[in-house]
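Here are some friendly notes to read alongside the model. Please keep the structure open while you go through the points.

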Amino acid sequence: MDSLRVRTWTMRRRVLMLFAVAGVLLAGLGTVAAMTAVDSNRNLDVLLDKTGPMRVAGQELYSAYLDQETGVRGFALSRSAKNLQPYERGVAAEKELLVRIDQLNGPRGRAAIRTGLQRVRQLADRWRADVANPVIAAGASGSSLDEAANDSRFNALRTAVDTLQADILALRDEAAAAARRTASVLVVLEIVAAVILAVVGGLMLLLLDRLVSRPIAELARQVRRVAGGDFERRIVSAGSPELVSLAGDVDGMRQRIASELSEVREARTQVLEANRQLEFKADELSRSNRDLEQFAYVASHDLQEPLRKVASFCQLLQRRYAGKLDERADQYIAFAVDGAQRMQRLINDLLAFSRVGRLTTGFASVPLDRVLTEVRSQLESRGGDVSWSAMPTVEGEEPLLTTLFANLIGNSLKFRRPDVPPVVRVNAERDGDEWRINVRDNGIGIEREFADKVFVIFQRLHPREAYDGTGIGLAIAKKIVEYHGGRIWLDLDVDEGTSISFTLPVPA
């Protein structure tokens with residue numbers, strides 16, 4: 001049951017558990033290492049800060065006693081107070097050194113050293129009381145040094161100092177041995193920590209290999225087989241629970257793809273059928289375009305020829321028989337002449353509309369300043385004030401752009417208000433990747449409800465008797481703008497006159 005529960009653990013949980021166990025072990029090792037390091041530092045302190053200075057103080061203490069013995073011996077021989085100086089220096093040094101050794105040993109130091117210090121003090125006091133003090137007290141007339149007592153007492157003192165030095169040396173050896181032991185323990189702890197890290201790394205690699213690397217490679221092999229066309233192959237994984245879940249998701253995706261693939265195949269069949277229908281319609285449209293081109297040819301040649309003859313003979317009749325027939329005959333002849341002329345204009349405008357984008361010379365850089373100068377020259381006979389600000393250079397066909405401005409400005413000059421000189425202003429400003437161009441006048445304007453109707457072919461807003469024309473000018477303008485990749489519209493928020501805006505792409 002426990003083994004089954006472990007197999008259901010996620011990869012993350014297994015890694016966390018492995019790292020947790022390793023962390024506990026390393027934390028325990030760290031605690032032991034810290035304690036060992038503290039002990040090692042304490043032993044090093046004993047070696048460096050206690051036993052070393054104590055040994056030096058012991059040697060100096062031995063020298064202080066030799067100085068005392070030498071000073072007493074010299075005084076006994078010479079009876080000169082000057083020879084007591086070594087003795088006095090030795091006594092002062094003795095006191096200082098005994099205090100230093102006692103302080104270095106400390107209250108929790110080695111008991112043998114404290115006992116040795118007490119023994120040295122007692123023997124030094126006995127030597128001074130039995131040997132040195134009597135010689136010094138006798139003065140210049142005193143007795144000589146008692147060699148036997150001096151040898152006995154001083155040898156005992158020397159032996160006590162040697163014993164003290166031996167106790168200090170024993171303390172140093174114990175501290176050194178303890179320091180070596182702690183160093184060995186630290187080395188062992190480092191080795192154990194390295195082994196733990198190596199084991200954790202090995203287990204981590206094993207987990208990655210068994211639960212991630214090999215299962216991912218197998219999952220990728222299965223996915224490649226499905227991608228190769230085996231859409232019915234089930235995708236499974238024996239890796240970690242995450243990979244098992246991922247394999248289930250991928251297999252669910254495979255099932256959806258396989259299900260949708262059949263629908264795509266059916267849709268493809270339908271698309272192929274639709275393409276065949278489109279090709280058929282395209283052939284019909286091509287035939288229709290050819291028929292329209294043929295009609296345009298006929299309209300521009302065959303149809304215009306008899307129409308010109310009719311118009312010419314009607315005009316001859318009008319000139320020759322004007323006033324010779326009755327008034328109604330003159331009216332009928334005038335109707336015939338006007339109808340023929342309007343038919344000619346209508347056919348010409350229709351041909352111009354059909355040629356936009358069909359008979360092309362290719363796009364080139366066109367300065368709109370030059371185009372507007374040409375248009376103003378063409379429309380100069382109509383009068384009016386036509387002006388513009390700095391205009392950009394665009395990509396397009398110059399004849400079509402000339403026709404565009406000629407239609408827009410021509411409408412502005414035609415639909416003027418009575419007794420008001422027409423004024424036309426053309427402006428351009430950049431709006432992102434487009435040039436926005438505006439043509440505005442002070443004419444009669446266009447009502448809001450006709451904003452869309454004005455761009456429809458053959459749509460007129462006024463009677464023919466009021467303004468001439470076929471109603472195709474703005475339709476041609478719209479077709480030219482759209483052919484150049486722009487759009488055109490009627491600005492509605494103007495106080496008076498007409499404002500028409502259109503866009504042209506900024507050259508790359």
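**Notes on the model**

1. A good place to start is Asn 150, which sits in helix H5 (residues 147–227). Helices here are DSSP runs of H or I with at least four residues, strands are runs of E with at least two, and both are numbered from the N terminus. Asn 150 is buried, at a relative accessible area of 2%. For such labels, buried means under 20% relative accessible area, exposed over 50%, and partly exposed in between, with a 1.4 Å probe and protein chains only. The side chain of Asn 150 makes a polar contact of 2.7 Å with that of Trp 127. A polar contact is a pair of N or O atoms within 3.5 Å; within protein, one must be able to donate a hydrogen and the other to accept it, and residues adjacent in sequence count only if both atoms are side-chain atoms. Setting aside neighbours within four places in sequence, Asn 150 is in contact (heavy atoms within 4.5 Å) with Glu 69, Arg 73, Trp 127, Val 131, Leu 145 and Asn 155.

2. Before going further, please note that this is a predicted model, in which local features need pLDDT of at least 70 and side-chain atom pairs count only at pLDDT 80 or more, while totals for chains, interfaces and linings use all residues. Residues are numbered from 1 along each chain as its sequence is written, and side-chain values use heavy atoms, with hydrogens and water left out.

3. How far can the prediction be trusted, in its own terms? The mean pLDDT (the predictor's confidence in each residue, from 0 to 100) is 79 for the protein, and 79% of the residues score at least 70. Among the elements, helix H1 (residues 2–7) has the lowest mean, 58, and strand E5 (residues 434–441) the highest, 94.

4. For the overall picture, the protein has eleven helices and seven strands. Of its 508 residues, 31% are buried. Among contacts between residues at least 6 apart in sequence, 70% join residues at least 24 apart.

5. Now to Gln 68, in helix H2 (residues 11–78). Is Gln 68 buried or exposed? Gln 68 is buried, with a relative accessible area of 0%. Its side chain has polar contacts with two others: Glu 94 at 3.0 Å and Arg 128 at 3.1 Å. Beyond neighbours within four places in sequence, the residues in contact with Gln 68 are Pro 86, Tyr 87, Gly 90, Val 91, Glu 94, Trp 127 and Arg 128. Trp 127 also appears in the list for Asn 150.

6. Helix H3 (residues 85–105) deserves a look of its own. H3 has 21 residues and spans 30 Å from first C-alpha to last, close to the 30 Å expected at 1.5 Å a residue; that expected span is 1.5 Å times one less than the number of residues. The buried residues of H3 are Tyr 87, Gly 90, Val 91, Glu 94, Leu 97, Leu 98, Ile 101, Leu 104 and Asn 105. They lie on the same side of H3 because they cover an arc of only 165 degrees around the axis, taken from the directions from the helix axis to the C-beta atoms. An α-helix has 3.6 residues a turn, so residues three or four places apart point the same way. The face turned away from the buried side carries the exposed residues Glu 88, Arg 89, Lys 95 and Gln 103. After H3 comes Gly 106, with a positive phi near 75 degrees.

7. The aromatic pairs are worth checking too. Rings of Phe, Tyr and Trp (its six-membered ring) pair if their centres lie within 6.5 Å; planes under 30 degrees apart count as stacked, over 60 as edge-to-face and the rest as tilted. By this rule there are three aromatic pairs. One of them, Phe 363 with Tyr 483, is edge-to-face, at 5.6 Å centre to centre and 85 degrees between the planes. This pair links distant parts of the chain, 120 residues apart: Phe 363 is in the loop between helix H8 (327–355) and strand E1 (364–367), and Tyr 483 is in helix H11. Phe 363 is partly exposed at 42%, and Tyr 483 is partly exposed at 27%.

8. Finally, a loop residue: Asp 419 has a positive phi of about 60 degrees although it is not a glycine. Asp 419 lies between helix H10 (398–414) and strand E4 (423–431), and is exposed at 83% relative accessibility.
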